[in-house]
Amino acid sequence: MNNFPANNSEWLIEKIIKMGGTISFYDYMKFVLNDPISGYYGSGKAELGFKGDFVTSPSLSDDFAFFVGKQVEDWFIQFKSIIFYDQKLSLIEFGAGDGSFMSGIIKYFLASNKNISQRVSFIIIEPNQGMIEKQKKKLMKFLNLGIDISWKSLEEIEENNLNGIFIANEVLDALPVERITFLKGKLFRQAVSFDKESGRLYFDKLPITRELENSLYLAKSKLGITIPPKDAPEGWTTEWHVDNSEWLKAIYAKINHGILLIIDYAKEAKKYYASRNLNGTIISYKNQKILNNILDSPGNCDLTSHICTETLINDAETLGFEAVGTTKQGEALLLLGLAQRLYEIQKELKEDLSNALARREALLRLVDPLCLGDFKWFVFHKFNEQKININSTCMR
Ligand SMILES: C[S@@+](CC[C@H](N)C(=O)[O-])C[C@H]1O[C@@H](n2cnc3c(N)ncnc32)[C@H](O)[C@@H]1O
């Protein structure tokens, strides 16, 4: 039996050895997040929220779901009046984490528009079984109330079939990325190898693939993104989001009429791929702390990278989505009534001080530019062969 150092894991090392001792960073990220037995999300080990490894906007409190719920309700009302009248619409959430977001949105509808909650199909598209179990537990009370909630894969949905709103909060940041590294004047695909002597994982390199070369060429010709940037120092490394386009394509194919809201960490290309951004954006979280080494404790912590604003919009538009707009989370939430909500909490201060203070802190974190307020909201439309104008409060 091998003695593996604490920072590594036998399950991953066995996989790497089976695959020849070196795997691409893309495969590393896919395994540590999505392996059904040992992956962070695949196994359901992921813990979100104040007491978990990291916070997401919906895991802080139900307030975030309240604001998004308001926007979704407004979109549904416009959909109903313009095209769907009596038809059932869907609210589809991708990558639902521990189910907090869906739970908060259903609570919002039950409180503010019961009619909608009874006439909407709530669908979760989540590839990781471990997370599905958490979500089912959280949403059981709504299932018991007869709310129409189901878990589906995109493959089981007919083409051009879904009418409704599609939401992905912090999902694209969890998709595996390729990492491209600049060494001795050449680009390589970053890789992860296992060193038998020390028993440790280390960064390695593989030749760049034809697909990556083509993708970099297209980014340069269409968007003017130069990889590596001029003056890139030795060792300059960045992420390349090779799965975004396929993910969007699979969704696009299933939408008949729909709005897609993507919320995530994002950086503009000129900052993302600048020569001074030496190591991209990828980080690893455990117990609310960023780990020094992203190869530490594989499968026991989150691994996440920013998306690139321009390449995401280009990927979506190339498929046929119409880009409605992009805004910062702080601005979107102010447009959806955050100031009013803060004022209401102010009034509660006298009755239940500690609860009101905790809610106020959670609300402020949603708009804090150093925290979740810097997240970007992207809104895309697909209206099959029709020109339809829908207003989005969050983008005004
Ligand atoms: C960072 S968590 C975000 C959870 C939740 N949306 C929130 O904001 O609290 C990422 C989620 O995306 C899921 N996920 C990973 N790959 C996915 C994919 N290809 N499609 C949909 N969800 C995915 C993970 O299992 C996890 O539930």
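**Entry 1: a helix pair**

I began with two helices and noted that α9 and α11 cross in a right-handed way. I am working from a predicted model. Helix α9 covers residues 244-254 and helix α11 covers residues 309-319. I looked up their axes, which come within 9 Å and cross at roughly 40°.

Which residues make the contact between α9 and α11? From α9 I listed Asn-244, Ser-245, Leu-248, Lys-249 and Tyr-252. On the α11 side they meet Leu-312, Asp-315, Ala-316 and Leu-319. I sorted this contact by class and got five nonpolar, two polar and two charged residues.

**Entry 2: the whole chain**

I then stepped back to the chain. I read off 14 helices and 17 strands. The radius of gyration is 22 Å, and the globule rule gives 21 Å for 396 residues, so I wrote the chain down as being as compact as a globular protein of that length. I also took the extent of the C-alpha trace along its principal axes, which is about 65 × 50 × 40 Å.

How much of the chain counts as buried? I found 40% of the 396 residues in that class. For contacts with a separation of 6 or more, I noted that 76% come from residues 24 or more positions apart.

**Entry 3: around the ligand**

I looked up the residues around the ligand and found 21 of them. Tyr-41, Thr-56, Gly-95, Gly-97 and Asn-128 come nearest. Two elements give two or more residues to this shell, namely α3 (57-60) and α5 (100-112). By class I recorded 12 nonpolar, seven polar and two charged residues in the shell.

**Entry 4: the loop between α8 and β9**

I went next to the loop that runs between α8 (210-223) and β9 (237-240), where Pro-228 has its place. What kind of peptide bond joins Ile-227 and Pro-228? I noted a cis bond, with omega about -5°.

Asp-231 is in the loop between α8 and β9 as well. I marked its phi, which is positive at about 70° although Asp-231 is not a glycine. Is Asp-231 buried or exposed? I counted 9 other C-beta atoms within 10 Å, and with 12 or fewer a residue is exposed, so Asp-231 goes down as exposed.

**Entry 5: Ser-297**

I found another positive phi at Ser-297, near 50°, again in a residue other than glycine. Ser-297 sits in the loop between β13 (289-290) and β14 (302-304). It has 17 C-beta neighbours inside 10 Å, so I put Ser-297 down as partly exposed.

**Entry 6: Leu-342 and Asn-160**

I picked Leu-342, which is in helix α13 (residues 338-348). I counted 15 C-beta neighbours inside 10 Å, so Leu-342 is partly exposed. Which residues does Leu-342 touch, leaving aside those up to four places away in sequence? I found Arg-360 and Leu-363. I also checked Leu-342 against Ala-232: the two are 110 residues apart in sequence and 45 Å apart in space, C-alpha to C-alpha.

I turned to Asn-160, which I located in the loop between β4 (149-151) and β5 (162-169). Asn-160 has 15 C-beta neighbours inside 10 Å and counts as partly exposed. Not counting residues up to four places away in sequence, I saw that Asn-160 touches Asn-256 and Asn-384. Between the C-alpha atoms of Asn-160 and Tyr-26 I noted 31 Å, with their positions 134 residues apart along the chain.

**Entry 7: Gly-52 and Ile-82**

I looked up Gly-52 in the loop between α2 (25-34) and α3. There are 18 C-beta neighbours inside 10 Å, so Gly-52 counts as partly exposed. Gly-52 and Leu-145 are 93 residues apart along the chain, and I noted 29 Å between their C-alpha atoms.

My last residue was Ile-82, which lies in helix α4 (residues 63-84). With 14 C-beta neighbours inside 10 Å, Ile-82 is entered as partly exposed. How are Ile-82 and Leu-353 placed, in sequence and in space? I noted 271 residues along the chain and 45 Å between the C-alpha atoms.

Key: Residues are numbered from 1 along each chain as its sequence is written. This is a predicted model: local features need pLDDT of at least 70, side-chain atom pairs count only at pLDDT 80 or more; totals for chains, interfaces and linings use all residues. A residue is near a molecule or strand if its C-beta atom, placed from the backbone, lies within 6 Å of it. Helices (H or I, at least four residues) and strands (E, at least two) are DSSP runs, numbered from the N terminus. Ala, Val, Leu, Ile, Met, Phe, Trp, Tyr, Cys and Pro count as nonpolar, Asp, Glu, Lys and Arg as charged, and the others, Gly among them, as polar. The radius of gyration is taken over C-alpha atoms; the globule rule is 2.2 Å times the number of residues to the power 0.38. A residue is buried if 20 or more other C-beta atoms lie within 10 Å of its own, exposed if 12 or fewer, and partly exposed in between; C-beta atoms are placed from the backbone. Two residues are in contact if their C-beta atoms, placed from the backbone, lie within 7 Å. Axes are lines fitted to C-alpha atoms, for helices over the stretch in contact, and angles run from 0 to 180 degrees between N-to-C directions. A crossing is left-handed if the near helix is turned anticlockwise from the far one by less than a right angle, and right-handed if clockwise.
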